[in-house]
Amino acid sequence: KYLQQMQRWNRTYNLTALRDPNLMLVQHVFDSLAVVPAIQRIADQKGEHLRIVDVGSGGGLPGVVLATACSTWNVHCVDAVEKKMAFVRQMSAVLGLCNLSAHHVRIEQAESFQADVVISRAFASLVDFVKLSERHVGPQGQIIAMKAKHPAEEIQDLESNTLWRVQYIEPLTVPELNAERCLVYLHKDMA
């Protein structure tokens with residue numbers, strides 16, 4: 001249903017550059033699903049009712065997929081483009097996802113979410129991501145960036161210009177996708 005709606009809305013609202021449904025399935029849905037085990041590990045530690053903020057969500061990636069994967073995760077998709085958040089609201093209704101919210105606001109202007117997980121997929125550089133998003137991380141919360149490949153230059157820039165550090169990098173395997181993907185876990189160095 002999600003892909004059908006994305007294809008339909010994409011004709012008018014340009015939610016994604018991809019037009020082929022098979023590519024959308026692999027590069028959007030499978031890619032977003034690849035982070036579910038990582039989020040589940042966090043839920044196992046913190047309790048099943050996670051508050052997740054998807055920054056720069058666009059058409060709901062990975063937010064809609066995460067809300068679909070686990071009904072006890074309270075997922076907030078945030079994007080500055082209203083038509084994309086209108087699509088996410090539509091997906092919440094069509095898919096019956098009462099755990100999914102859409103927020104049309106720039107992340108730096110949003111009220112603090114105090115999230116357990118702040119995540120982004122192709123949103124910005126690591127420096128920009130943490131600078132714009134850090135106030136939305138709750139106590140004991142986690143920032144995670146989905147990246148296509150190991151972001152060595154971004155990490156160097158991050159560690160030179162912020163108090164944020166890479167906790168670890170987890171390689172991701174995306175079914176049917178022959179491309180490098182990883183999750184970059186970040187923490188603030190309080191020393």
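In this predicted model, the largest nonpolar core holds 44 residues, and the members that touch the most others are Tyr2, Ile39, Ile52 and Trp73. Helix α3, which spans residues 36-46, supplies the largest share of this core, namely 5 residues. A second core of 21 residues lies apart from the one just described, and Ala110, Leu126, Ile143 and Leu186 are among its members. Returning to Tyr2, and leaving aside its neighbours within four places in sequence, one finds it in contact with Val29, Gly59, Gly60, Leu61, Val64, Val65, Phe87, Met91 and Leu95.

One of those contacts of Tyr2, Leu61, also takes part in an unusual piece of backbone geometry. Leu61 and Pro62 are joined by a cis peptide bond, with an omega of about 10°, and Pro62 is placed in the loop between β1 (51-55) and α4 (63-69). Most peptide bonds are trans, and most residues other than glycine have a negative phi. Against that background, two glutamines deserve attention. Gln114, in the loop between β3 (100-104) and β4, has a positive phi near 50°, and with a relative accessibility of 42% it counts as partly exposed. Gln140, by contrast, lies in strand β5; its phi is also positive, near 65°, and its relative accessibility of 68% is over the 50% cut-off, so Gln140 counts as exposed.

The charged side chains come next. Side chains of opposite charge can pair when their charged atoms come close, and a search of the whole structure finds 7 salt bridges. In one of them, the side chains of Arg121 and Asp31 meet with an N to O distance of 2.8 Å. This pair links distant parts of the chain, since Arg121 belongs to strand β4 (residues 115-121) and Asp31 to helix α2 (residues 21-33), 90 residues apart. Both partners are buried, and together with Arg181 they are linked in a network of salt bridges.

Two further salt bridges involve residues that are partly exposed. Glu134 and Lys188 meet through their side chains at 3.3 Å, N to O. Because Glu134 lies in the loop between α6 (126-133) and β5 (137-147) while Lys188 lies in strand β7 (residues 181-188), the pair ties together parts that are 54 residues apart in sequence. Glu134 is partly exposed with a relative accessible area of 28%, and Lys188 is likewise partly exposed, at 35%. The side chains of Glu108 and Arg106 form another salt bridge, at 2.9 Å, N to O; here Glu108 counts as partly exposed at 30% relative accessibility, and Arg106 is partly exposed with a relative accessible area of 45%.

The last feature to follow is empty space, which can be located by rolling a probe the size of a water molecule over the atoms. The largest pocket has a volume of about 300 Å³ and is lined by 17 residues, of which Gln45, Gln140, Gly141, Gln142 and Gln167 lie nearest its centre. Gln140, the exposed residue of strand β5 with a positive phi, thus reappears here among the residues nearest the centre. The elements giving two or more residues to the lining are α3, β5, β6 (164-172) and β7, and β5 gives the most, with 6 residues. Helix α3, the element with the largest share of the largest nonpolar core, is therefore also represented in this lining. By class, the lining comprises 8 nonpolar, 7 polar and 2 charged residues.

Definitions and conventions
Residues numbered from 1 in each chain as written. Predicted model: local features only at pLDDT ≥ 70, side-chain atom pairs only at ≥ 80, totals over all residues. Heavy atoms only, no water. Core = buried A, V, L, I, M, F, W, Y, C linked by side-chain atoms within 4.5 Å. Buried < 20%, exposed > 50% of the residue type's maximum accessible area, 1.4 Å probe, protein only. Helix = DSSP H or I, 4+ residues; strand = E, 2+ residues; numbered from the N terminus. Contact = heavy atoms within 4.5 Å. Salt bridge = Lys/Arg side-chain N within 4 Å of Asp/Glu carboxyl O. 1 Å grid on protein atoms, 1.4 Å probe; cavity = no way out; pocket = protein on both sides within 12 Å on 5 of 7 lines; lining within 4 Å. Points joined across faces, edges and corners; volume = space filled by probe spheres on them. Nonpolar A, V, L, I, M, F, W, Y, C, P; charged D, E, K, R; others polar.
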